[in-house]
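Biologist: I would like to go through a few local features and learn how to read each one. Please take them one at a time.

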Amino acid sequence: MLSSFPDVSKLPKLEVLNLKHNVITKVSHLHLEPVSQTLTTLDISFNKIQFTTEEFITFIEMIRLYHLKHLNINGNDFFESKNKSNDKKDSYKKFMFATLEYVDTIDGEHNTINRNLLDKEEIKKQILLMK
């Protein structure tokens, strides 16, 4: 089980990175920079990933700049919060709203949203209806 993000610098042609079911707590644009031109699919589901607001903004910017098209985020807390009553679903919704402009498929909390099949308003309705 991995507790930190692996070094991908020796894999410059990597297209799919599956890191699901580990205990990784941080993901940075620096981790993925070596494969920024080739990586299309990132599965970071079921880890312990959390972001500060600044880290979250940087991660979303990374998604925008890289060629990432498929992202699995299911099973993470995402946002560090002093307020423990923060609803986990709200974290997923924030993440999905922020990334749906850039990736084709976002898996989150058992929902797959493909922006190529729906317009933005319909996607937002789907996200808001998540239970």
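**Reading a buried charge, backbone angles and a core**

Modeller: This is a predicted model. Start with Asp-43, which lies in strand S2, residues 41-43.

Biologist: Is Asp-43 buried or exposed, and which side chain of opposite charge is nearest?

Modeller: Asp-43 is buried and has no salt bridge. The nearest side chain of opposite charge is Lys-20, 4.3 Å away. A salt bridge needs the nitrogen within 4 Å of a carboxyl oxygen, so this pair does not count as one.

Biologist: Which residues does Asp-43 touch, leaving out those up to four places away in sequence?

Modeller: Asp-43 touches Leu-17, Asn-18, Leu-19, Lys-20 and Asn-72.

Biologist: Next, the backbone. What is the usual sign of phi?

Modeller: Most residues other than glycine have a negative phi. His-21 is not a glycine, yet has a positive phi of about 60°. His-21 lies in the loop between strand S1 (16-18) and helix H1 (29-32). Phe-46 also has a positive phi, of about 55°, and lies in the loop between S2 and strand S3 (50-51). Phe-46 is partly exposed, with a relative accessible area of 35%.

Biologist: How many residues does the largest nonpolar core have?

Modeller: That core has 29 residues. Those with the most contacts inside it are Leu-17, Leu-32, Leu-42, Phe-59, Ile-63 and Phe-95. Helix H2 (53-65) and helix H3 (88-99) are the elements that give two or more residues to this core. H2 gives the most, with five residues.

Biologist: What does Leu-32 touch, with residues up to four places away in sequence not counted?

Modeller: Leu-32 touches Phe-5, Leu-17, Leu-39, Leu-42, Met-62 and Tyr-66.

Technical notes: Residues are numbered from 1 along each chain as its sequence is written. This is a predicted model: local features need pLDDT of at least 70, side-chain atom pairs count only at pLDDT 80 or more; totals for chains, interfaces and linings use all residues. Side-chain values use heavy atoms; hydrogens and water are left out. Helices (H or I, at least four residues) and strands (E, at least two) are DSSP runs, numbered from the N terminus. Buried means under 20% relative accessible area, exposed over 50%, partly exposed in between (1.4 Å probe, protein chains only). Lys and Arg count as positive and Asp and Glu as negative; His and the chain ends are not counted. Contact means heavy atoms within 4.5 Å. A nonpolar core is a set of buried Ala, Val, Leu, Ile, Met, Phe, Trp, Tyr and Cys residues joined through side-chain atoms within 4.5 Å.
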